[in-house]
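Colleague: I am new to this structure and should be grateful for a guided discussion. Might we go through it together, step by step?

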Amino acid sequence: MTTLLVTGYRAHELGIFDSKHQGIPYIKKALMNRLIPLVEEGVDWIITPGQYGVDLWACEVVLELKRQYPGLKLGIITAHAAPEERWKEEKQNEYRRIVAGADYYGAVSNAPYDGSWQFRARDDLLFRKSDAILLFYDEDAAEGSPKFFKERALKLNEEGDYGLYLMHAEEIQNIADEESQQGYE
């Protein structure tokens, strides 16, 4: 496996509406914990749809990991041109900073948002270009947008040798609990 697709919930699906939310560092730490062994096993490209939430937090983790693993590359493949144009300025700046650090950035459609077909085309491309997916999805929590990625990844996994790695809310909660417990010691 050399190319890993990483995605999951959008920030608002997790109830996160601010980049300073206390849960983000725990999500990023869980992503880091999952990505390091995969990178050490041979993953050299991490690709993502680049939507605001798990996608961009994973990008930040990859940018951090690139210091330790200089051969690691980050690709962001969006559904349409300028996905950030309607975001608040702070989020736009954060997005542009992350995109500037990516090794590849492209849109499936160079037009602005025109319909759900752009997202289907993006997802088709992401799955074709990757060998496995790391998906933050939790059946016990809200379904949200990752549900479609999970359904597709499960089908690919059953049909051949497409890898499926799921990250659950419990993992993130355990990291938060461990860190708060360390604070008491």
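Colleague: At about what angle does helix 2 run to strand 1?

Modeller: This is a predicted model, in which local features need pLDDT of at least 70, side-chain atom pairs count only at pLDDT 80 or more, and totals for chains, interfaces and linings use all residues. Residues are numbered from 1 along each chain as its sequence is written, and side-chain values use heavy atoms, with hydrogens and water left out. Helix 2 lies across strand 1, strand 2, strand 3 and strand 5, where contact means heavy atoms within 4.5 Å. With axes as lines fitted to C-alpha atoms, for helices over the stretch in contact, and angles from 0 to 180 degrees between N-to-C directions, helix 2 runs to strand 1 at about 135°.

Colleague: In what order do the six strands form the open sheet?

Modeller: Helices (H or I, at least four residues) and strands (E, at least two) are DSSP runs, numbered from the N terminus, and two strands pair if DSSP finds at least two bridges between them. The pairing in this sheet is parallel. Strand 4 (104-109) and strand 6 (163-167) each pair on one side only, as the edge strands. The order of the open sheet is 4-3-2-1-5-6.

Colleague: What is the average twist from one strand to the next?

Modeller: The six strands form an open sheet with parallel pairing. From one strand to the next, the twist averages 20°.

Colleague: Which residue of strand 2 is the bridge partner of Leu4?

Modeller: Strand 1 (residues 3-8) and strand 2 (residues 45-48) run parallel and are joined by three bridges. In strand 2, the partner of Leu4 is Ile46.

Colleague: Through which helix does the chain cross from strand 1 to strand 2, and what is the hand of this crossover?

Modeller: A crossover is right-handed if, with the strands pointing away from the viewer, the path from the first strand over the helix to the second runs clockwise. The β-α-β crossover from strand 1 to strand 2 is right-handed, and its helix is helix 1 (residues 24-40).

Colleague: Which residue in strand 3 stands opposite Ile46?

Modeller: Strand 2 pairs with strand 3 (residues 73-80) in the parallel sense, over four bridges. Between these strands the chain passes through helix 2 (residues 54-68), in a right-handed β-α-β crossover. Ile47 stands opposite Gly75, while the residue opposite Ile46 is Leu74.

Colleague: Which residues of helix 4 are buried?

Modeller: Helix 4 (residues 116-129) has 14 residues and reaches 20 Å from its first C-alpha to its last. That is close to the expected 20 Å, the expected span being 1.5 Å times one less than the number of residues. Its buried residues pack against strand 1, strand 2, strand 3, strand 4, strand 5 and helix 5. Buried means under 20% relative accessible area, exposed over 50%, and partly exposed in between (1.4 Å probe, protein chains only); the buried residues of helix 4 are Gln118, Arg122, Asp123, Leu125, Leu126 and Phe127.

Colleague: Is Tyr137 buried or exposed?

Modeller: Tyr137 is found in the loop between strand 5 (132-136) and helix 5 (146-159). Leaving aside neighbours within four places in sequence, its contacts include Tyr9, Pro146 and His168. Because its relative accessible area is 5%, Tyr137 is buried.

Colleague: How many residues apart in sequence are the parts that Lys29 and Glu179 tie together?

Modeller: A salt bridge is a side-chain nitrogen of Lys or Arg within 4 Å of a carboxyl oxygen of Asp or Glu, and the side chains of Lys29 and Glu179 meet in one at 2.6 Å, N to O. Lys29 lies in helix 1 and Glu179 in helix 6 (residues 169-184), so the parts tied together are 150 residues apart.

Colleague: With which residue does Glu171 form a salt bridge?

Modeller: Glu171 is partly exposed, with a relative accessible area of 23%. The closest N and O atoms of the pair are 2.9 Å apart, and the partner of Glu171 is Arg34.

Colleague: Which residues do salt bridges with shared partners join into one network?

Modeller: The side chains of Arg97 and Glu60 meet in a salt bridge at 2.7 Å, N to O. Arg97 lies in helix 3 (residues 89-101) and Glu60 in helix 2, 37 residues apart. Through shared partners, the network joins Lys28, Glu60 and Arg97.
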